[in-house]
Every structure is written in C-alpha cells, then in structure tokens.
Amino acid sequence: MSSTPVASKTNPITPSPLFIGLMSGTSLDGVDGVLAQFPADFAGGPLQAVAEAYIPFPADLRSELMALQSVSTNELEREALVANRLAQLYAQCVASLLQQSDLTADAICAIGVHGQTLRHRPEYGFTWQSNNPALLAELSGIDVIADFRSRDIAAGGQGAPLVPAFHQTVFGAIGQTRVVVNIGGISNISVLHQDRDVIGFDTGPGNVLVDAWIMQQQGKSYDADGAWAASGNCVPALLDALLDEDFFALPAPKSTGRDLFHPAWLAAKLAPFLSLSAADIQATLVEFTVVTLANAIAAYAPQADSVYVCGGGVLNGKLMRQLAQALLMRGCNATLQSTAVLGVPPHQVEALAFAWLAQRFTQRLPGNMPVVTGARGLRILGALYPA
C-alpha cells in the first residue's frame with residue numbers, strides 16, 4: 001500500500017498558511033486528518049478545517065498496535081514495520097485531503113503528525129510514538145513535523161497533554177471560565193480561566209476500558225451510543241475498586257495512557273466480581289469515566305460557565321447524559337455541549353491541534369504550556385523532516 005508521490009517543493013522555507021494535522025489516538029480506530037488555513041496574523045479565535053479525512057486502521061494493524069502496547073517478542077522489528085504501515089496510512093489521508101481541496105503538495109507548508117503512542121513513561125524520561133516521518137515526507141512530498149512530546153519531557157515535563165495550549169488559543173474567552181473535555185481513549189481536561197490562566201491534565205480512562213470490554217465480550221470495537229451500557233446497572237463496589245488507583249490522588253500536572261489502564265489492569269480489578277453480568281460491568285466502566293471527569297472538573301473548575309466536549313466520547317449518549325448529571329450533583333451548573341457549538345466539530349479538534357503545533361514550529365514559537373506539563377519552561381516542540 002503506497003501513496004502516489006507528488007512534486008516536492010522548490011522552496012521548502014516559503015511560508016504558506018495551509019497546514020495538515022494528523023492524529024491517531026489511544027482508541028486505535030484510525031487516522032483523523034484535517035487541512036487548516038491559518039491567517040498570517042493568527043493569534044487565536046475560531047479555526048475551521050478546509051477539508052477533513054478519515055482512514056480506518058485495518059484489523060490486523062490495530063491488533064499489532066494493541067500487542068505492542070505491552071512487553072512482547074521481537075519488538076524492535078515489529079514496531080519498525082508498524083511505523084512503515086502507519087506512514088503509508090498517513091500518506092493516504094494526506095492524499096485524500098489534497099484531492100478534496102484540489103491542491104498539490106507545494107501548496108502545503110507542513111504536516112503535523114503525532115504518531116501512535118506505544119509507551120508513555122515521563123517518570124522515566126521518555127515517550128515513544130510509532131511513526132516514520134521520513135517515509136511520510138517521501139510519500140507526500142511535504143515537510144513533516146513530528147515527535148512533539150519528547151522536548152517537553154527533556155525539559156522535565158510530562159510531554160502531555162499538549163492540547164490545552166491549543167484549546168486556550170481557539171476556545172478561550174475573556175470573562176468566561178470554560179472547560180474543554182477530550183474523551184478519547186484517555187480523557188483530559190483543559191480549564192480555561194477567565195483571566196487566561198490554564199490548567200490541564202489527563203483525568204484517567206475515556207473510552208479505552210469501555211471499548212476493550214465490549215471487544216472482549218461481543219467482538220465490537222465500541223458501544224454505539226452507550227446502548228449496551230444503558231442495559232446494565234452501575235455496581236458501586238466495582239466502581240470503588242476501579243477508583244482505588246494511585247493516579248487519581250496525584251496532583252496536576254499528570255498524564256497517563258495504556259501503560260497504566262490496560263486490559264490486564266482491568267482483569268485484576270474484575271477478579272473479585274466475576275459473577276457480575278457483562279452489561280453491569282460495562283455500565284460501571286462508563287460511570288468510572290464519568291466520575292473521574294466530574295471529580296476533576298469539580299475540583300479545578302467548580303464555577304465554570306460552560307463545558308465543551310470533543311473526542312469520540314461525545315458520541316456516547318449514555319456517557320454524556322451521566323456526565324451532565326454528575327456535574328450537577330457536584331454543584332457545577334455549567335452547560336455541557338459539544339465543541340461543535342464553537343464551530344469546531346468534536347472529531348476534528350485533536351487533528352487541528354497538531355496542525356497548529358506544526359504552524360507554531362515553523363514560526364519557531366513554543367507549543368507547550370509549562371503549567372500544564374510541568375516542564376521547566378516554554379519549548380519549541382517537534383522535529384522537522386524536510387520533503
């Protein structure tokens with residue numbers, strides 16, 4: 001599988017307002033891509049995609065990515081082969097965006113691509129995203145900017161979440177305290193205070209355990225609208241066991257991923273509850289996501305004016321309804337809505353963030369937010385792979 005090569009740029013440093021952002025997250029479902037146009041003087045405000053594309057992961061690639069999340073045999077070679085396949089899928093996504101927009105490669109300044117996180121261990125000073133940006137540059141004919149997390153980690157930070165700086169730029173509003181919630185495989189929040197101060201951190205699992213359980217029990221990749229969870233009941237004792245995890249007591253800044261919340265972790269938590277129905281377990285896993293999010297919002301933004309949700313979790317009707325109720329129970333009267341009401345569809349937000357990070361790199365401007373990640377200071381994020 002390959003992408004048709006396109007003409008390389010004659011002047012790779014010529015500025016262009018057009019950037020492509022590519023994101024494949026912890027849900028392991030596929031690649032989201034956007035083509036975004038940045039005004040020359042862009043300093044914040046609404047940002048919309050010129051085009052969008054989605055390339056699903058083949059089942060065997062998803063299985064291999066899942067396997068590489070934990071210690072296995074021949075990891076170096078297998079990860080390198082996976083990285084090549086990812087680059088080919090990224091190139092397909094880029095080609096689709098160019099075709100939709102009737103553009104050629106030389107119209108695009110750069111591609112910002114996150115890669116697929118296989119290990120995230122900032123406590124040990126490293127993070128690893130599977131990717132082959134050199135191959136993507138070769139296939140697309142466009143400059144590629146990748147490896148956004150490692151410089152922040154080198155500066156003593158968590159390297160994640162990176163999106164709060166973007167959320168502040170695009171969704172922040174003077175005089176309002178807004179919370180942006182991203183519910184992907186892992187959930188994170190950005191608290192955008194009315195005085196422009198920002199707090200952001202990972203809150204815990206988003207869809208990662210919910211998806212893993214329905215895959216194990218029904219062979220489905222996700223629980224459409226939370227319908228299966230809605231057929232069961234939350235089990236308080238199991239919820240308490242899930243919440244009994246040191247991560248939740250840690251103060252921000254903090255980040256997490258499949259390194260902690262993985263199927264083996266879930267299996268250990270479920271061991272005393274094997275007599276429960278599968279639907280009750282699913283309902284409890286949804287409530288687990290809801291409670292950890294609501295607790296974080298209540299602790300860090302109790303007087304928020306509004307809460308905006310993006311990511312795949314926004315499509316889970318049961319989760320969204322329970323989150324709204326949980327916020328009210330904690331005295332948070334903020335309206336709960338999708339980021340679509342702010343002009344950005346929820347499935348585009350993270351890909352747009354990486355287009356923005358690529359734009360920041362080309363301008364040699366910092367992309368991290370030390371108060372969020374814990375880094376020693378502002379840093380330019382990313383590494384350039386010229387076309």
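**Notebook: sheet, helices and cores**

I started with helix α12, residues 349-362, which lies across β1, β2, β3, β4, β7 and β13. I read its direction as about 130 degrees to β1. I am working from a predicted model.

Next I looked up the sheet under α12. I found an open sheet of six strands with mixed pairing, in the order β3-β2-β1-β4-β7-β13. I noted β3 (49-56) and β13 (383-385) as the edge strands, each paired on one side only. Neighbouring strands here are turned by 20 degrees against each other on average, direction ignored.

I then checked one pair. Strand β1, residues 18-23, runs antiparallel to β2, residues 30-37, over six bridges. Within this pair I located Met23 opposite Asp32 in β2.

I looked for another helix on these strands. Helix α3 (residues 133-140) lies across β1, β4 (110-113), β7 (144-146) and β13. I logged its run at about 160 degrees to β7.

Which residues have the most contacts inside the largest nonpolar core? I listed Val179, Val181, Ile189, Leu266, Leu285 and Ile297, in a core of 48 residues. Helix α10, residues 278-300, gives the most to this core, with 11 residues. I followed Leu266 outward: leaving aside residues up to four places away in sequence, it touches Leu209, Trp213, Leu242 and Leu285.

Apart from the largest core, I found another of 35 residues. Its members include Leu162, Val349, Phe354 and Trp356. That brought me back to α12, which spans residues 349-362.

Terms used
Residues numbered from 1 in each chain as written. Predicted model: local features only at pLDDT ≥ 70, side-chain atom pairs only at ≥ 80, totals over all residues. Heavy atoms only, no water. Pairing = 2+ DSSP bridges. Helix = DSSP H or I, 4+ residues; strand = E, 2+ residues; numbered from the N terminus. Axes fitted to C-alpha atoms, helices over the stretch in contact; angles between N-to-C directions. Contact = heavy atoms within 4.5 Å. Core = buried A, V, L, I, M, F, W, Y, C linked by side-chain atoms within 4.5 Å. Buried < 20%, exposed > 50% of the residue type's maximum accessible area, 1.4 Å probe, protein only.
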